[in-house]
Amino acid sequence: MDFNDTPEEAAYRTRARDWLESNVAEHKAQGHADDMAAARAWQARKAAAGYAQITWPKEWGGGGGTPIQSVIFGQEEAKHPVQYGYFTIGLGMCVPTVMAFADQATKERFVGPALRGEEIWSQLFSEPAGGSDVAAIRTRAVRDGDDWVVNGQKVWTSGAHYSDYGILLVRTNPDVPKHKGLTMFWLDLRSPGVEIRPIHQMSGGSNFNEVYFTDVRIPDAQRLGEVDAGWKVALVTLMNERLAVGGGGGAGPKEILKLAREIDAAEGTLLQEPAFRQKLADWWVQSEGLRNTRMRTITALSRGQTPGPESSIGKIIAANQLQDIGNSAVEAEDQFGIIADPALAPLKGLFQSAVMNAPGLRIAGGTDEILKNIIAERVLGLPGEIRTDKDAAFKDLKA
Amino acid sequence: MNFDYSDDQKMLKDEARKFLDAKCPVTVVRGVLDDDTRHYDEALWRGVAEQGWLGAAIPEQYGGLGLGHVELCALAEELGRAVAPIPFASTVYFVAEALMLLGSEAQKAKWLPKIASGEVIGAFATSEGPGPVTSTSIRTSVVGNRITGTKIPVTDGNIANLLVVLAKDGLYLVEGPVESEVLTTLDPTRSAARVTFADNDCERLGDEDGLSAMSQVFDRAAVLLAFEQLGGADRALEMAKAYALDRQAFGRPIAGYQAIKHKLADIYVKNEIARSNAYYGAWALNAGAAELPLAAATARVAASEAYWFASKENIQTHGGIGFTWEADPQLHYRRSRQLSLVAGAPSTWRERLVTQLEQRNAA
């Protein structure tokens with residue numbers, strides 16, 4: 001066990017740090033119209049230097065680097081106030097799926113622009129009838145000559161309102177069991193018949209959308225994988241999803257420690273209260289445990305092992321801790337805690353925002369309950385849930 | 001960066017597991033549990049000494065194997081898994097570490113070879129009553145080279161022939177046997193005693209004040225204990241899983257019920273968090289890193305929580321059978337209590353952890 005950089009890693013870190021320092025400065029000096037414009041410009045700058053997707057091969061515009069180099073760059077990049085969240089789903093999940101299943105021409109057309117932040121991708125899987133039960137989706141595609149005609153509705157589609165393209169999972173055969181009649185396509189989200197309606201969340205923002213399909217025509221050439229074999233394609237996307245989703249959103253032990261130094265308590269500050277100290281220690285233990293668990297995953301990756309469903313741990317811990325820390329901080333602020341205005345609330349309302357966003361994090365990318373099933377079944381080898389729909393044709397299932 | 005055991009360390013761990021499967025089956029643990037007159041398993045102690053494990057982290061010049069602390073951690077993980085009923089922790093994690101950290105050349109030369117060979121059993125005597133050890137809770141005092149006081153409880157104090165004792169002004173070495181009275185404790189597979197010093201000979205160990213010296217020894221022991229706890233927690237999860245897959249209720253294995261699946265998933269998550277923190281602690285210990293006090297506290301809190309949770313939910317998963325004397329889940333439940341308290345309670349370590357965070361931020 002060695003938690004220090006090797007000489008090669010240290011050299012890479014120095015290069016990354018130097019590059020970031022000069023490039024963040026130039027990037028800031030440019031002045032950008034808005035958040036999105038700034039994010040696109042930063043992404044393009046990273047792509048030109050091979051830092052956009054460090055582990056991707058160079059021939060596809062990646063850095064041809066190792067998972068550990070990617071972690072090192074991420075650690076250094078996190079020290080700078082730059083924005084890149086718009087591209088996470090596309091580069092983390094959608095484009096890798098396209099790269100795995102599309103023909104050469106399609107890959108050449110899309111990989112570069114996505115990498116440079118010119119085009120943004122969405123993942124169109126979830127539906128009102130199929131959240132955790134992804135394969136229960138009802139959006140239908142019917143073959144018509146060289147095209148498929150799509151009708152139905154997707155929901156919880158992150159970023160669809162600013163996305164250009166998407167990968168779309170649809171039902172192509174209702175006469176077979178639900179996992180066996182699905183097909184995957186890529187599509188232009190500006191195609192006729194596509195309607196995107198942002199969902200207003202309880203946290204106040206609108207990161208997700210409903211996407212409606214009315215007689216949308218998709219050429220068969222845009223199919224990813226075989227007809228009715230879309231489940232296999234979706235699994236590739238979902239495997240990548242649990243690595244990409246995570247993140248506690250900045251309200252961690254360090255932030256609440258900062259708050260606790262400033263808040264008055266019965267005797268001294270909140271930080272001097274024994275009950276608070278006990279909780280703070282537990283949060284630290286969890287976030288350190290999570291950080292080091294990620295490092296163990298990277299070690300496994302760097303040895304050529306595939307990351308398993310163990311990575312489900314990360315989201316369970318991070319999302320629950322965000323909720324707990326957010327709530328503890330808000331309670332510590334006492335009556336003042338109800339104020340969510342960033343101009344008034346401590347740490348610009350970070351904890352109020354955590355309390356309101358945490359419920360979504362506990363659901364997105366697999367609920368706590370589904371992730372625990374995954375650990376129980378795929379890591380511990382316990383029996384699967386009883387599935388009465390497993391062998392029945394999809395059309396015979398109760399809605 | 002590398003966050004796993006090396007191949008050599010994995011091999012050592014596999015060999016240790018094979019050895020303990022053969023020499024420390026559950027009947028050996030029960031042999032000590034069920035017999036009030038036995039305080040450890042002598043045959044296992046000799047076997048472990050012959051394997052060289054007692055001196056795994058002791059330098060070769062003092063008769064040890066001269067491996068690193070990560071290797072010792074790997075052995076600790078296996079000893080914890082086997083619930084080994086021997087005074088390994090007292091002797092190796094506390095006394096040998098205290099000698100290596102604080103001892104004079106003469107003290108090391110005299111004692112470490114005897115520890116490595118298994119000739120000496122050690123004990124670390126700090127507590128004198130309920131509550132954390134503080135500067136006001138210590139009454140044991142030294143005049144000249146004579147020590148007087150009562151320590152309770154002292155794990156292995158009744159079988160030790162070398163004790164490291166916390167007195168008001170520092171740590172002292174006392175040669176055993178000393179006057180002792182065996183106590184009834186939560187974990188009879190590890191004995192503990194009230195030890196009385198009445199003007200016994202003693203020798204100063206290190207120059208530092210007592211609490212600071214104790215703290216440094218505790219930091220080292222905490223990492224090693226965390227690996228024992230981790231091994232035990234993993235074993236408790238395996239037991240729960242095996243029983244849940246076997247036990248049928250309402251027409252199917254109870255492992256198929258989500259209430260049980262989620263319980264076992266929760267144990268798994270806590271164990272992995274404990275493992276990751278323990279690895280970081282092992283690195284900090286082995287590298288002599290400045291992060292050791294914080295890493296040790298983090299590892300200890302995580303491991304104590306994981307073993308407690310795994311051992312109690314293992315009994316719960318076993319249902320009524322889990323509460324019987326005949327069933328084995330109690331062995332881990334008892335040991336989890338012993339290991340969580342022997343170097344100070346988790347609440348004490350949470351406090352130490354936050355103190356480290358405060359100091360770090362101030363620096």
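These are my notebook entries on what I looked up in this predicted model.

**Entry 1: chain A overall**

I started with the fold of chain A. The secondary structure comes to eleven helices and eight strands. I then checked the overall dimensions: the C-alpha trace spans about 75 × 45 × 45 Å along its principal axes. The radius of gyration is 23 Å, which agrees with the value near 21 Å for a compact globule with 399 residues.

Next I looked up burial. Of the 399 residues of chain A, 49% count as buried. For contacts between residues at least 6 apart in sequence, I got 70% joining residues at least 24 apart. The accessible surface of chain A comes to about 18400 Å², and 52% of that belongs to carbon and sulfur atoms.

Charges came last. I have 43 positive and 51 negative side chains down for chain A. The centres of those two sets lie 3 Å apart.

**Entry 2: chain B overall**

I went through the list again for chain B. Here the secondary structure comes to eleven helices and ten strands. The radius of gyration is 20 Å, close to the 21 Å that the globule rule gives for 363 residues, so chain B is as compact as a globular protein of that length. Along the principal axes, I noted a box of roughly 75 × 50 × 40 Å for the C-alpha atoms.

In chain B, 60% of the 363 residues count as buried. Taking contacts in chain B between residues at least 6 apart in sequence, 75% join residues at least 24 apart. Chain B exposes about 13800 Å², with carbon and sulfur atoms supplying 51% of it. I also looked up the charges: 36 positive and 46 negative, with mean positions 5 Å apart.

**Entry 3: a buried lysine, A:K46**

I picked A:K46 and asked whether this residue is buried or exposed. A:K46 is buried: its relative accessible area is 5%, and the cut-off for buried is under 20%. A:K46 sits in helix α2 of chain A, which covers residues 35–48.

What is A:K46 in contact with, leaving aside its neighbours within four places in sequence? I wrote down A:W19, A:Y51, A:A52, A:F73, A:E77 and A:Y84.

**Entry 4: positive phi in chain A**

I went looking for backbone oddities and noted two non-glycine residues. A:D228 has a positive phi of about 70 degrees. This aspartate is in the loop between β8 (223–224) and α6 (230–244) of chain A. With a relative accessibility of 23%, A:D228 counts as partly exposed.

A:L347 also went into the notebook, with a positive phi near 50 degrees. I found A:L347 in helix α10 of chain A, residues 346–361. A:L347 is partly exposed, at 23% relative accessible area.

**Entry 5: cis prolines in chain B**

Which peptide bond ending at B:P153 did I note as cis? That bond runs from B:I152 to B:P153, with omega near -10 degrees. B:P153 is placed in strand β3 of chain B, residues 146–155.

I noted another cis peptide bond between B:G176 and B:P177, where omega is about -5 degrees. B:P177 is in the loop between β5 (170–175) and β6 (179–182) of chain B.

**Entry 6: around B:L163**

B:L163 belongs to strand β4 of chain B, residues 162–167. B:L163 is buried, with a relative accessible area of 0%. Leaving aside neighbours within four places in sequence, I listed contacts of B:L163 that include B:A123, B:V154, B:Y172, B:V195 and B:F197. B:G176, which takes part in a cis peptide bond with B:P177, is also in contact with B:L163.

I checked one distance as well. B:L163 and B:I321 are 158 residues apart in sequence, and their C-alpha atoms are 40 Å apart in space.

**Entry 7: cysteines**

How many disulfides does the structure hold over all chains? I got zero. I then asked why B:C73 has no such bond. The closest cysteine sulfur, in B:C24, is 19 Å from the sulfur of B:C73, which is too far for a bond; the cut-off for a disulfide is 2.5 Å.

I looked up burial for two cysteines while I was there. B:C73 is buried at 0% relative accessible area. B:C202 is buried too, with 10%.

Terms used. Residues numbered from 1 in each chain as written. Chains lettered and ligands numbered in written order. Predicted model: local features only at pLDDT ≥ 70, side-chain atom pairs only at ≥ 80, totals over all residues. Heavy atoms only, no water. Helix = DSSP H or I, 4+ residues; strand = E, 2+ residues; numbered from the N terminus. Buried < 20%, exposed > 50% of the residue type's maximum accessible area, 1.4 Å probe, protein only. Contact = heavy atoms within 4.5 Å. Rg over C-alpha atoms; globule rule 2.2 N^0.38 Å. Areas by Shrake-Rupley, 256 points an atom, 1.4 Å probe, with all protein chains shown as cover. Lys, Arg positive; Asp, Glu negative; His and termini not counted. Charge placed at Lys NZ, Arg CZ, Asp CG, Glu CD.
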